[in-house]
Amino acid sequence: MKIRNILILSAIAIALTAVSLLIGQWTYSWMPPQAAAESQLVDKLFSFLITLGAFIFLGVTGTLIYSAIFHRAEEYDTSDGPPIEGNITLEIVWTTIPVLLVFWIATYSYQIYEQMGIQGPMEAMHLHIPIGMKSASAAPINGDAGIVSASPTSSIVSTDATSNVIPFEDIEVNAKQWAWVFRYPKTGITSTELHLPVNHRIRLAMQSEDVLHGFYIPAFRVKQDIIPNRNIDFEFTPIRIGKYELTDSEFSGTYFATMRANVVVESPEDYKKWLAEAANRKPCTANNQAASEYAQESKELIKGWVTVAPAQAPVVNYSN
């Protein structure tokens, strides 16, 4: 009987593991396309957490359903249950397992964070990635120049002639109510549309003119708060050619929902062509939805109604 129970429990555990792993694989279809090396790391962590959570949920729920069906009291039975006292072994087990799970999750999460090399807003974190730290970088998939995969064990900058990992591309980001402005220091070009070369390690120098803003690109799985009066460095590696959306993830005032920008990831050749085209354009006032809506609505505002006026529409070389 004991061996039979062990075999049944083992079969149930294997079935739960298989179903949980399947659910964990489904999570990859819940997200936008993986457009940055960091997205693969984040999705891997998310899949791990969902797999673990599914195993616990199915195990606990299955036990409750089994108990309710096969161990319920008989009809009209109002007697007390058996007086079962504490089991020290069981208490140690159900305390130890959650503690080990928490340490497992914390360790794995930190490893993913370290591989991504994401910079935090605090002064202690306001550093470039230390030498020797392994970080997400891009390596091409055979036969596909537009989509590449992450290699968590490789360094972010490679001098190997056979590697397609290209050195840093520096871009300045200025956030204000309610517009994104991007400046390319090497050429002096400004734009309200963020253009990025595929398979480059991008290094952003971010500033806020007014309030707290959040730099968030869902397809990249990267997010960074931009704090007023503080310079924030942020890095990631685009790996999929296409057009994506940047949004302000922090509530930054009345028109914060309009604070969006296109993010265009393109081949290095197309990126250079875009830089050359933008450099030949004369700076002009960009279209700004927040400023337009404010100008229209201010005529209808109740006298004395206090609202925040948007910053002036930015003057840039290129506007989407």
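# Close-up views of a predicted model

**View 1. Strand 12 and its neighbours.** In strand 12 (residues 260–266), five of the seven residues are buried, so the strand is largely enclosed by the rest of the structure. This and every other view here shows a predicted model. Strand 12 has strand 6 as a parallel partner, and four bridges join the two. If you would like a landmark for that pairing, look for Leu 196, which stands opposite Val 265 of strand 12. Strand 11 (residues 242–248) also pairs with strand 12, here in the antiparallel sense and over six bridges. Val 265 turns up again in this pairing, as the bridge partner of Gly 242.

**View 2. Strand 10, covered on both faces.** Here we turn to strand 10 (residues 232–236), where five of the five residues are buried, so this strand too is largely enclosed by the rest of the structure. In a regular strand, side chains alternate between the two faces of the sheet. Which residues of strand 10 sit on each side? Ile 232, Phe 234 and Phe 236 are on one side, Asp 233 and Glu 235 are on the other, and all of them are buried. Strand 10 pairs with strand 7 (residues 200–208) in the antiparallel sense, over five bridges. Within that pairing, Glu 235 of strand 10 is the bridge partner of Arg 203.

**View 3. Glu 169 and its contacts.** Glu 169 is part of strand 3 (residues 166–176). Is this residue buried or exposed? Its relative accessibility is 10%, and the cut-off for buried is under 20%, so Glu 169 counts as buried. Leaving aside residues up to four places away in sequence, Glu 169 touches Lys 186, Pro 197, His 200, Arg 201, Ile 202, Arg 203 and Tyr 271. Take Ile 202 from that set: 33 residues separate it from Glu 169 along the chain, yet the two C-alpha atoms are 4.9 Å apart. Arg 203, also touched by Glu 169, is the residue whose bridge partner in strand 10 is Glu 235.

**View 4. Gly 214 in strand 8.** The residue to find here is Gly 214, which lies in strand 8 (residues 213–217). Gly 214 is buried, with a relative accessible area of 0%. Not counting residues up to four places away in sequence, Gly 214 touches Trp 180, Gln 224, Asp 225, Thr 247, Asp 248, Ser 249 and Glu 250. For a distance to check in your viewer, try Gly 214 and Ala 175: they are 39 residues apart in sequence, and 8.9 Å lies between their C-alpha atoms.

**View 5. Backbone details in three loops.** A cis peptide bond joins Gln 177 and Trp 178, with omega at about -5 degrees. Trp 178 belongs to the loop between strand 3 and strand 4 (179–184). In the loop between strand 6 (194–197) and strand 7 you will find Asn 199, which has a positive phi near 65 degrees although it is a residue other than glycine. Asn 229 also has a positive phi, of about 60 degrees, and is not a glycine; its place is in the loop between strand 9 (222–226) and strand 10. What is the relative accessibility of Asn 199, and what is that of Asn 229? For Asn 199 the value is 9%, so this residue counts as buried. Asn 229 comes out at 80% and so counts as exposed.

**View 6. The largest pocket and its lining.** About 670 Å³ of space lies in the largest pocket. Its lining is made up of 18 residues, and those nearest the centre are Leu 9, Ile 12, Leu 16, Gly 59 and Thr 63. Helix 1 (2–26), helix 2 (37–70) and helix 3 (88–116) each supply at least two lining residues. Helix 2 provides the largest share, ten residues. Sorted by class, the lining has 13 nonpolar residues, five polar ones and no charged ones.

**View 7. The whole chain, for orientation.** Zooming out, the chain has five helices and 14 strands. Of its 320 residues, 36% are buried. Among contacts with a separation of 6 or more, 69% are between residues 24 or more positions apart. The accessible surface is about 19200 Å², and carbon and sulfur atoms account for 62% of this area.

Technical notes. Residues numbered from 1 in each chain as written. Predicted model: local features only at pLDDT ≥ 70, side-chain atom pairs only at ≥ 80, totals over all residues. Heavy atoms only, no water. Buried < 20%, exposed > 50% of the residue type's maximum accessible area, 1.4 Å probe, protein only. Pairing = 2+ DSSP bridges. 1 Å grid on protein atoms, 1.4 Å probe; cavity = no way out; pocket = protein on both sides within 12 Å on 5 of 7 lines; lining within 4 Å. Points joined across faces, edges and corners; volume = space filled by probe spheres on them. Nonpolar A, V, L, I, M, F, W, Y, C, P; charged D, E, K, R; others polar. Contact = heavy atoms within 4.5 Å. Areas by Shrake-Rupley, 256 points an atom, 1.4 Å probe, with all protein chains shown as cover.
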